[in-house]
Amino acid sequence: MSILLTGAEPAEVPELARVHYRSWLETYPEPAAGIDLAWLRANRAELLEAAGRRRWLGLVESAGRDPQDWFLRVARSAADGEILGFLCGVVGVGGQPVSLGPMYLLRAAQGQGVGDRLMGEFLDWAAGRPIALWATEYNARAIRFYQRYGFELTEERELWRERLPNVRMVRPGD
C-alpha cells in the first residue's frame, strides 16, 4: 500500500477523530490491566463527540497557523486519501520539552515504515530540542519504537482515568 504524508484540513476533523478512536480500540485492550473494549468505548467516546472534534479542529488550525510551534502530519492512502494515522506535537513553553503525541497508525498501515517516516519528519521539525511523550506501559511495541529513536523510559508514571498505566519517555536534545 502506498501511503502519503500530508497536512490536514478542517474538513477532515471528523475522520481524524474516527481514526483516533479506532486506534484506541485496536491498540489498548489488555484484560490483565482491566482494559477491555467496553471500557475503551466508554472512556474515549468523547473523541467522536463535539468536544473531541473541537480539540481536533484546534490542533488542525494551530498547525496550519503556527507550524513552527505545532506539528501535525497525516498518513493517508495514496489510492483514495483515507486517513490511516497521524503524529502530532507542540513546542513546550517555559523551558518544557517538545511534546510528542498523539501518534497512532491503524493496523492496516503498521509494519510498512510509515511510523518511521512520520517520526523522521517530526524529528526534523523538533530541530534537536528535547522531546517528551507518554506511552502506555504494556504497549511494548510502541516503547521499542520510541527507544529506536533515542527515547528513554523515566521513573515517571501515571494512571489515565485511574486505570490505563502510562510511562514517561524523554529524548534529550542534540
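**Asn-166**

I began with Asn-166, which in this predicted model lies in strand 7. I looked up its accessibility and found 7% relative accessible area, so I entered Asn-166 as buried, the cut-off being under 20%. I then listed what Asn-166 touches beyond the residues up to four places away in sequence, and noted Trp-134, Ala-135, Thr-136 and Glu-137 as well as Glu-156, Arg-157, Glu-158 and Trp-160.

**The sheet**

Next I traced the sheet to which the strands belong, and recorded seven strands in an open sheet with mixed pairing, in the order 1-2-3-4-5-7-6. I marked strand 1 (3-6) and strand 6 (152-160) as the edge strands, since each of them pairs on one side only. On average, I noted, neighbouring strands of this sheet are turned by 20° against each other, with direction ignored.

I followed one pairing in detail: strand 2 (residues 70-77) runs antiparallel to strand 3 (residues 83-90), and seven bridges join the two. Within this pairing I found Phe-71 standing opposite Gly-89 of strand 3.

**Helices across the sheet**

Which strands does helix 1 lie across? I found helix 1 (residues 13-27) lying across strand 2, strand 3, strand 4 (98-105), strand 6 and strand 7 (164-171), and I noted an angle of about 95° to strand 3. For helix 4 (residues 114-126) I wrote down strands 1, 2, 3, 4, 5 (131-136) and 7, with the helix running at about 165° to strand 4.

**Salt bridges**

I counted nine salt bridges in the structure, and looked up several of them one by one.

Within helix 1, Glu-26 and Arg-22 form a salt bridge whose closest N and O atoms are 3.2 Å apart. I noted that the two are four residues apart in that helix and are therefore separated by about one helical turn. Glu-26 counts as buried at 17% relative accessibility, whereas Arg-22, at 39%, counts as partly exposed.

Helix 4 supplied two further entries. Glu-121 meets Arg-73 in a salt bridge at 2.6 Å, N to O, and this pair links distant parts of the chain, with Glu-121 in helix 4 and Arg-73 in strand 2, 48 residues apart. I entered Glu-121 as partly exposed, at 30% relative accessibility. The other is Asp-116, whose side chain meets that of Arg-148 at 2.5 Å, N to O. Because Arg-148 lies in helix 5 (residues 140-148) and Asp-116 in helix 4, this pair ties together parts 32 residues apart in sequence. I recorded Arg-148 as exposed at 56% and Asp-116 as partly exposed at 31%.

I also noted a network of salt bridges that links Arg-44, Glu-46 and Arg-161.

**Aromatic rings**

My search of the whole structure gave 13 aromatic pairs. One of them is Trp-24 with Trp-160, a tilted pair at 5.1 Å centre to centre with 50° between the planes. This pair joins helix 1, where Trp-24 sits, to strand 6, where Trp-160 sits, across 136 residues; both Trp-24 and Trp-160 are buried.

Why did I enter Phe-86 and Tyr-104 as edge-to-face? Their ring centres are 6.1 Å apart and their planes stand at 70°, and planes over 60 degrees apart count as edge-to-face. Since Phe-86 lies in strand 3 and Tyr-104 in strand 4, the pair ties together parts that are 18 residues apart in sequence. I found Phe-86 buried at 0% relative accessible area, and Tyr-104 buried at 11%.

I placed these four residues in one aromatic cluster together with Tyr-28, Trp-39 and Trp-56. Arg-44, already entered in the salt-bridge network, lies over the face of Trp-24 at 4.4 Å from the ring centre. I noted a similar entry for Arg-129, which lies over the face of Trp-125 at 5.4 Å from the ring centre.

**Backbone exceptions**

Last, I looked for departures from the usual backbone, given that most residues other than glycine have a negative phi and most peptide bonds are trans. A cis peptide bond, with omega of about 0°, joins Gly-101 and Pro-102, and Pro-102 is in strand 4.

Ala-127, although not a glycine, has a positive phi of about 55°; I located Ala-127 in the loop between helix 4 and strand 5, where it counts as exposed at 59% relative accessibility. Arg-161 also has a positive phi, of about 50°, and lies in the loop between strand 6 and strand 7. I entered Arg-161 as partly exposed, with a relative accessible area of 42%.

Conventions: Residues are numbered from 1 along each chain as its sequence is written. This is a predicted model: local features need pLDDT of at least 70, side-chain atom pairs count only at pLDDT 80 or more; totals for chains, interfaces and linings use all residues. Side-chain values use heavy atoms; hydrogens and water are left out. Two strands pair if DSSP finds at least two bridges between them. Axes are lines fitted to C-alpha atoms, for helices over the stretch in contact, and angles run from 0 to 180 degrees between N-to-C directions. Contact means heavy atoms within 4.5 Å. A salt bridge is a side-chain nitrogen of Lys or Arg within 4 Å of a carboxyl oxygen of Asp or Glu. Buried means under 20% relative accessible area, exposed over 50%, partly exposed in between (1.4 Å probe, protein chains only). Rings of Phe, Tyr and Trp (its six-membered ring) pair if their centres lie within 6.5 Å; planes under 30 degrees apart count as stacked, over 60 as edge-to-face and the rest as tilted. A charge sits over a ring if NZ of Lys or CZ of Arg is within 6 Å of the ring centre and within 35 degrees of the ring normal.
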